[in-house]
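Here's a quick briefing for anyone opening this structure for the first time. Have a look at the sequence and the model, then read on for the points grouped by topic.

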Amino acid sequence: MKPYIFITRKLPDEAVEGLRGNYEVSMWVKEEMPVPRERLLEEATKADALLTMLSDRIDEEVFNVGKNLKVVANLAVGFDNIDVPAAARRGIAVCNTPDVLTDTTADLTFALLMAAARRIVEAADLIKEDKWKSWSPLLLAGQDIHHKTIGIVGMGKIGAAVAKRATGFDMAILYHNRSRNMEVEEAIGAQYVSFDELIAESDFVVCMTPLTEQTRGMFTRDVFRKMKKTAIFVNAARGPVVDEEALYDALAEGEIAGAGLDVFDKEPISASHPLLKLKNVTAIPHIGSSSIETRMTMMKLCADNISLVLSGKEPKTIVNKDWKN
Ligand code: DGY
């Protein structure tokens, strides 16, 4: 019997065709909807491998039923949706998709920063809604980006790629990270500062940190109060890093000037959410790595990782390096 792979979302055939010869592959059928929990559990009982999305919760319950599971390949660089220690305890490899999405996600982050600063979405809505009456001196006047200070919280690969883009705008670059990143300091001139200094000094506070127990809820009411009144907050990392009520209050009360958000505490966020009622919020639906080229590359990387693990080899990208111990 061929090993069985379950893919939790409908992916284009060409992304997974390489798996079909050697494995039995089945996919959840709806592109826009996550697999229901019961179906995921049912599939996990049979599967040797799961190809999962960041919207799937892969926890102890899944691993308990997944007696044959050898690998979970997550279509994302982030893996906060997976209980990695629970996988490690069972010798299951957890794979993610780093590197291949770095530039695409940095492009989107910078686009979001620019859209929020220059009020691009508001401007596009105004013209489409036929509300443009005449050229006027302060029509949709936003904030400059060039020669301002960007503060990047989380200087991993994507943070560094955002910093690189900022150099093209002659920005001063501050960053805060668990450890210093000498490469960005030397190559880009980014300056390491404390978190407090970063939030007080930056015109653009850009959150690129992964979600961990240390970063959950780190953007509190107090943090937003310490930002400049003209600051724009950008989050392209994970929603739960932010206290959304505190962010709402800061935006509604003018403690900060605006926000560009690609990620939310609960996804998908409802259109009735108070944050989405604010004009100074530019919101997009978690599309950081979503270019056709990059998403196809990510899917193929997941497929390769599954194939490698199932044939007893090392995957190309692994989260729990000690999975075999
Ligand atoms: C990831 O890969 O973790 C990103 O959030 C996808 O956009």
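## A first look

Tyrosine 192 is partly exposed, at 28% relative accessibility; the cut-offs here are under 20% relative accessible area for buried, over 50% for exposed, and partly exposed in between, using a 1.4 Å probe and protein chains only. Keep in mind that this is a predicted model, where local features need pLDDT of at least 70, side-chain atom pairs count only at pLDDT 80 or more, and totals for chains, interfaces and linings use all residues. Residues are numbered from 1 along each chain as its sequence is written, and side-chain values use heavy atoms, with hydrogens and water left out.

Helices and strands get labels like H6 or S7: they are DSSP runs (H or I of at least four residues for a helix, E of at least two for a strand), numbered from the N terminus.

**Aromatic rings**

- The model has 6 aromatic pairs, where rings of Phe, Tyr and Trp (its six-membered ring) pair if their centres lie within 6.5 Å, and planes under 30 degrees apart count as stacked, over 60 as edge-to-face and the rest as tilted.
- One of these pairs is tyrosine 175 with tyrosine 192, sitting edge-to-face at 5.3 Å centre to centre with 70 degrees between the planes.
- Tyrosine 175 is in strand S7 (residues 172-176) and tyrosine 192 is in strand S8 (residues 191-192), so the pair ties together parts that are 17 residues apart in sequence.
- Is tyrosine 175 buried or exposed? Tyrosine 175 is buried, with a relative accessible area of 0%.
- There's also an aromatic cluster, built from Phe195, Phe219, Phe224 and Phe233.

**Salt bridges**

- Searching the whole structure turns up 23 salt bridges, each being a side-chain nitrogen of Lys or Arg within 4 Å of a carboxyl oxygen of Asp or Glu.
- Take lysine 157 and aspartate 99, whose side chains meet in a salt bridge at 2.7 Å, N to O.
- Since lysine 157 lies in helix H7 (residues 157-167) and aspartate 99 in the loop between S5 and H5, the pair ties together parts that are 58 residues apart in sequence.
- Lysine 157 is exposed at a relative accessible area of 53%, while aspartate 99 is partly exposed at 43%.
- Arginine 119 and glutamate 122 form another salt bridge, with their closest N and O atoms 2.9 Å apart; arginine 119 is partly exposed, at 28%.
- Glutamate 213 and arginine 216 join up as well, at 3.6 Å from N to O. Glutamate 213 counts as exposed at 62% relative accessibility, and arginine 216 as partly exposed with a relative accessible area of 44%.
- Four residues share a salt-bridge network: Arg37, Arg57, Asp59 and Glu61.

**Surface patches**

- Patches are made of residues with over 30% relative accessible area and no salt bridge, with like charges joined within 9 Å and nonpolar side chains (Val, Leu, Ile, Met, Phe, Trp, Tyr) joined within 5 Å.
- Ile127, Trp132 and Leu139 make a nonpolar surface patch of about 300 Å².
- From that patch, isoleucine 127 belongs to helix H6 and is partly exposed, with a relative accessible area of 47%.
- Which residues form the negative surface patch? Asp243, Glu245, Asp265 and Glu267 do.
- Aspartate 243 sits in the loop between strand S10 (232-235) and helix H11 (244-252), and counts as partly exposed at 30% relative accessibility.

**Backbone details**

- Glutamate 267, from the negative patch, is joined to proline 268 by a cis peptide bond with omega about 0 degrees.
- Proline 268 is placed in the loop between strand S11 (258-261) and strand S12 (281-283).
- Aspartate 99 has a positive phi near 70 degrees, in a residue other than glycine, and its loop runs between strand S5 (93-95) and helix H5 (102-118).
- Aspartate 130 also has a positive phi, near 60 degrees. Aspartate 130 is in the loop between helix H6 (120-128) and strand S6 (149-153) and is exposed, with a relative accessible area of 59%.

**Methionine 296**

- Methionine 296 is part of helix H12 (residues 292-310) and is buried, at a relative accessible area of 15%.
- The C-alpha atoms of methionine 296 and serine 26 are separated by 18 Å, with their positions 270 residues apart along the chain.

Methods
Areas by Shrake-Rupley, 256 points an atom, 1.4 Å probe, with all protein chains shown as cover. Lys, Arg positive; Asp, Glu negative; His and termini not counted. Charge placed at Lys NZ, Arg CZ, Asp CG, Glu CD.
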